[in-house]
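Please open the structure in your viewer and keep the selection tool to hand. We will go from stop to stop, with a selection to make at each one.

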Amino acid sequence: MRIVVCVSGGGTNLQAIIDGIADGKIRNTEITAVISNNKGAYALTRAAEAGIDGIVLSPKDYETRDDFNDAFLKKLEELNPDLIVLAGFLVNIPEAVVKAFRGRIINIHPSLIPSFCGVGFYGLKVHEAALARGVKVTGATVHYVDEGTDTGPIILQKAVEVQEGDTPSVLQKRVMEQAEWVILPKAIDMIALETAD
Ligand code: GRF
């Protein structure tokens with residue numbers, strides 16, 4: 001199964017996928033390319049170190065959002081992946097891309113959807129909201145991407161305990177280590193095996 005991973009930041013989820021393929025946890029899968037909207041993303045360094053093509057595609061480089069959307073769709077169609085993995089990709093996925101790749105785009109979200117998700121809930125904001133609400137358990141979710149924000153069918157979830165004195169960044173790190181880096185590789189492996197059948 002050929003995958004394209006879309007990133008914007010540090011790329012720890014991308015690294016979990018790279019490592020999962022290397023150690024056999026993710027079967028029947030290769031990363032064809034990494035696309036980032038942020039040319040300074042450390043995720044691109046991780047891709048380069050793993051010998052994976054890194055492509056920068058940013059809305060800032062286009063006159064209009066429509067021009068970016070067209071270029072993004074064109075690039076994806078050129079790469080023609082079996083699966084698109086959004087791993088901390090902070091760009092809204094154009095409707096045309098959702099339609100062209102329906103059922104073949106997944107996203108990792110750092111909460112137990114339907115809690116703390118939707119427009120405005122990304123990165124540390126998700127954990128700030130969880131701590132503000134006082135939940136005792138949070139976690140991460142891998143879901144299919146549809147036209148909404150964090151609204152597609154859920155594939156996997158993993159719960160993580162909130163501990164006394166947690167700050168948003170301490171909680172974020174625990175959710176990444178104990179949940180995100182576990183269920184995203186697992187979801188890719190599951191889909192890769194379905195694709196293999
Ligand atoms: C992670 O917290 C992920 O849940 C969210 O964005 C962040 C990406 O982190 N979607 P990284 O770039 O994978 O380190």
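This tour of a predicted model visits a helix, its aromatic rings and then some salt bridges.

**Stop 1: helix α3**

Start by selecting residues 65-79, which make up helix α3. Its 15 residues reach 21 Å from the first C-alpha to the last, close to the 21 Å expected at 1.5 Å a residue. Just after the helix, click on N80: its phi is positive, near 50°.

Now show the side chains of α3. Which residues of α3 are buried? They are F68, N69, A71, F72, L73, L76 and L79. To see what covers these buried residues, bring up the surroundings: the cover includes strands β1 (2-7), β2 (30-36), β3 (54-56) and β4 (83-86), along with helix α4. Keep α4 in mind, as we return to that helix later.

**Stop 2: the aromatic rings**

Stay with F68 and F72, and add Y62 and F89 to the selection. Ring pairs link Y62, F68, F72 and F89 into a cluster. In the whole structure there are 3 aromatic pairs. Take Y62 and F68 to begin with: their ring centres are 6.0 Å apart and their planes stand at 65°, so this pair is edge-to-face. Y62 is partly exposed, at 28% relative accessibility, while F68 is buried, with a relative accessible area of 0%.

Next, turn the view to F68 and F72. How are the planes of F68 and F72 arranged, stacked or edge-to-face? With planes at 10° and centres 5.6 Å apart, the rings are stacked. The two residues are 4 apart in helix α3, which means about one helical turn separates them. Both F68 and F72 are buried.

**Stop 3: a salt bridge within helix α6**

Time to leave the rings and look at charged side chains. The model has 8 salt bridges, and we will call on a few of them. Select residues 168-196 to bring up helix α6, then pick out K173 and E177. Their side chains meet in a salt bridge, at 2.3 Å from N to O. The partners lie 4 residues apart, about one turn of the helix. How accessible are they? K173 is partly exposed at 48% relative accessibility, and E177 is partly exposed too, at 37%.

The next selection is E95, K99, R102 and E147: salt bridges that share partners join these four residues into one network.

**Stop 4: K99 and E147**

Within that network, zoom in on K99 and E147, whose side chains form a salt bridge at 3.5 Å, N to O. K99 lies in helix α4 (residues 95-100), and E147 sits in the loop between β6 (137-144) and β7 (154-161), so the pair ties together parts that are 48 residues apart in sequence. Colour E147 by accessibility and you should find a partly exposed residue, at 39%.

**Stop 5: D23 and K25**

For the last selection, choose D23 and K25. A salt bridge joins their side chains, with 3.3 Å from N to O. Are these partners buried or exposed? D23 is partly exposed, with a relative accessible area of 47%, whereas K25 is exposed, at 59%.

Technical notes:
Residues numbered from 1 in each chain as written. Predicted model: local features only at pLDDT ≥ 70, side-chain atom pairs only at ≥ 80, totals over all residues. Heavy atoms only, no water. Buried < 20%, exposed > 50% of the residue type's maximum accessible area, 1.4 Å probe, protein only. Expected span 1.5 Å × (residues − 1). Contact = heavy atoms within 4.5 Å. Phe/Tyr/Trp six-rings, centres within 6.5 Å; stacked < 30°, edge-to-face > 60°.
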